[in-house]
Amino acid sequence: MLALAGAPAARADESGAFPRPAQLEAQVRFWRKIFAEYSTHQVVLHDALDLNKVYGVLDFRQHVDDGMSDADLDHLQRVETDIELERVRTILLRLHTLGGATDGLTAEERKIYDLYKDDPADDRFLQAASDKRLRSQRGLREKFAHGLAVARHYWPEMERIFREEGLPTELTRLPLVESCFNVMAYSKVGAAGIWQFMPSTGRRFLDVGRAVDERRDPIASTRAAARFLREMHDNLDTWPLTITAYNHGPAGIARAVRELGTADIGTIVRDYRGSAFGFASRNFYAEFLAAVDVAQHWQDHFETLPACGIPSSREVRLERAVGIEVAARLAGTDRDTLADLNPALMRPVTDGKCAIPRGYRLRVPESGRGFEVRLAQLGAESDAVRETAPHRDGVRLRTAALTYRVRSGQSLEHIAKHHKVSVAALRKANGLGKVARLKPGQRLRIPRST
C-alpha cells in the first residue's frame, strides 16, 4: 500500500556509505542552489570544471509575471543565454590577450579576472573560453519542488523495496536527479520514467512493449533499479562509484578505476579524462548528494510543497486480461483516474484498443474495495478482454483480443500452457506452421480457451 504524501524523509547517511570528498563540495553547493534556489526561469552562466566560478545569472521571471507564453519565454531564454555566453567568452579572450595586465578593466572584467586569481596557468582565460568550459544551467526549483511532492507519495513503498534488497534507502532519491521524479519523463535518447531506464536495460528487468512500459511505473521501475544498482555495486564495491556508473555505465567507471589506480570518487572526478566522462558524469554523484540534502531538509528551502494529487492506491495482480473501461468500473473510478494511477499502461490500452494484459499489477484506488471479487465474477475471460467502447459517432466497436509478447527462450508449448490453450489452437490463431520459430518481442494472439 502506498502511503500518503507527507511521509518522513529518509534518514541521514549514518553508515558512511556516501562520503563527501572535499573536492566535491563546490559541486554539491552548486547543485543545491540549482535544485532549491534558482528558478526554472533563471539561467546560471558558469565554468564547467570549477563550479565556484559563476559569471552571472540571467533572470526571466518578470516575463512570466507579464504573461509571456511558455513557448515565447523558452525561445527568449535560449537566445539571450547564447548572447550572454558569447559576451562572457569575449571578456575571457580579452583577458587572455592582455596577458595578466589589469589596467583599464571594467568592473565586470575585473570580477571575472578575480575568479581566476589563484590559477597560475598562462592560458587560464583561453581554456575557460572553450566550448567545453563555458556553460549555462537553468534552475530547477519549481520542477524539483513538484517532483519532491510526488516522490514523497511513493518513497515509503520504494524504501521498503530497497530495504528488502539490502540497499541504502537514500538511493531512492536518485530519481530526483534523473528526472525530477517526472513519471512521464522521456529523454531525447529514449530513456523513460523516473529512473530513466533505456529500452535495452529496461527489458532486462521490466516489461517494455506496446501495451505496457513498466519503465514508467514508479514502483515496478524501482524494483528494477534496486536489482540493477545491487548488480553494479557487487562489481564496483562502493556506492559513489555505483551511483556514477548509473549515469556513465559500469564499464566506463571500471576503466576509470583501472587507469587511475584508485576507487576514490573525488580523485576520479578531478583527474579522469575519459572521452565520454563529461559534465553529467562528473557531476552525477555530487547531484545525488545535493538532492539528498534538499529532500531531507526541504522545509529550509520551500515554504510548502505543491499538492501531488495522487490518491492512495493498492496493487492487484490481474489473473485475467481486462479492458480499462471494465477495470475502472470494477474499481469504482473512471478511466482517466485509473490511467493516472498506472502510467505504465500505454495509449493502445488507455484508449481502449487493447486490454490490460493478464499478470499486470494494476494499481486501483484504495477506496475501490471489492475489485478482485467483482473481477472474478465476470463471466468469461472474453467478456473482460473484448469489452466494447463507444466510437466518436456513437457506434460501439469491439476492442482487440488478448495478445502476448514473446520473451527470450519461450516456446509455443510454454505459452500455450501458461494461457491454458492448446498448441494447435495457438498455431491456428497466429497462422504458424509446425516448424515456425518464435522471436523475442513477437506478438501472439491468444485464442479463447475452451
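This passage describes the overall make-up of a predicted model and then several of its local features.

The protein chain contains 20 helices and nine strands. Along the principal axes, its C-alpha atoms occupy a box of roughly 90 × 55 × 45 Å. Of the 450 residues in the protein chain, 50% are buried. Among contacts with a sequence separation of 6 or more, 65% are made by residues 24 or more positions apart.

An open sheet is formed by three strands in the order 2-1-3, with antiparallel pairing. The edges are taken by strand 2 (54-59) and strand 3 (134-138); each has a single partner strand, so one side of each lacks a neighbour in the sheet. On average, and with direction ignored, neighbouring strands are turned by 20° against each other. Strands of a sheet pair through backbone hydrogen bonds, in a parallel or an antiparallel manner. Between strand 1 (residues 42-47) and strand 3, the antiparallel pairing extends over five bridges. Val43 has Arg138 of strand 3 as its bridge partner.

Two helices can be described relative to this sheet. Helix 1 (residues 25-36) lies across strand 1 and strand 3, and runs at about 40° to strand 3. Helix 3 (residues 70-98) lies across strand 1, strand 2 and strand 3, at about 150° to strand 3. Arg89 belongs to helix 3. With a relative accessible area of 15%, Arg89 is buried. The side chain of Arg89 is joined to that of Glu86 by a polar contact of 3.0 Å. When residues up to four places away in sequence are not counted, Arg89 touches Ala129, Ser130, Asp131 and Leu134.

Helix 10 (239-248) follows helix 9 (218-236) after a loop that contains Asp237. Asp237 is not a glycine, yet has a positive phi of about 75°. Most residues other than glycine have a negative phi. The relative accessible area of Asp237 is 57%, which means that Asp237 is exposed. At the start of helix 10, a side-chain oxygen of Thr238 comes to within 3.2 Å of the backbone nitrogen of Leu241. Helix 10 itself is mostly covered, with nine of its ten residues buried. These buried residues are Trp239, Pro240, Leu241, Thr242, Ile243, Thr244, Ala245, Tyr246 and His248. Their cover includes helix 7, helix 9, helix 11 (250-260), helix 12 and helix 13 (279-296). Just after helix 10, Gly249 adopts a positive phi of about 100°.

A positive phi is also found at Gln196, at about 50°, although Gln196 is not a glycine. Gln196 is located in the loop between helix 7 (174-179) and helix 8 (199-205). Gln196 has a relative accessible area of 15% and is therefore buried.

Helix 12 (residues 265-271), part of the cover of helix 10, contains Thr267. Thr267 counts as buried because its relative accessibility is 18%, under the 20% limit. The side chain of Thr267 makes a polar contact of 2.8 Å with the side chain of Asp264. Not counting residues up to four places away in sequence, the residues touched by Thr267 are Gln23, Leu260, Thr262 and Tyr272. Thr267 is separated from Glu109 by 158 residues in sequence, and the C-alpha atoms of the two are 32 Å apart in space.

The packing of two further helices was examined. Two packed helices are described by the angle between their axes and the distance between the axes. For helix 19 (residues 412-419) and helix 20 (residues 423-430), the axes come within 9 Å and cross at roughly 105°. This crossing angle falls in the range of 65 to 115 degrees, so helix 19 and helix 20 are roughly perpendicular to each other. On the side of helix 19, the contact involves Leu412, Glu413, Ile415 and Ala416, which meet Val423, Leu426 and Arg427 in helix 20. Sorted by class, the contact of helix 19 with helix 20 comprises five nonpolar and two charged residues, with no polar residues.

How values were computed
Residues numbered from 1 in each chain as written. Predicted model: local features only at pLDDT ≥ 70, side-chain atom pairs only at ≥ 80, totals over all residues. Heavy atoms only, no water. Helix = DSSP H or I, 4+ residues; strand = E, 2+ residues; numbered from the N terminus. Buried < 20%, exposed > 50% of the residue type's maximum accessible area, 1.4 Å probe, protein only. Contact = heavy atoms within 4.5 Å. Polar contact = N/O pair within 3.5 Å; in protein donor to acceptor, adjacent residues only side chain to side chain. Pairing = 2+ DSSP bridges. Axes fitted to C-alpha atoms, helices over the stretch in contact; angles between N-to-C directions. Parallel < 35°, antiparallel > 145°, perpendicular 65-115°, else oblique. Nonpolar A, V, L, I, M, F, W, Y, C, P; charged D, E, K, R; others polar.
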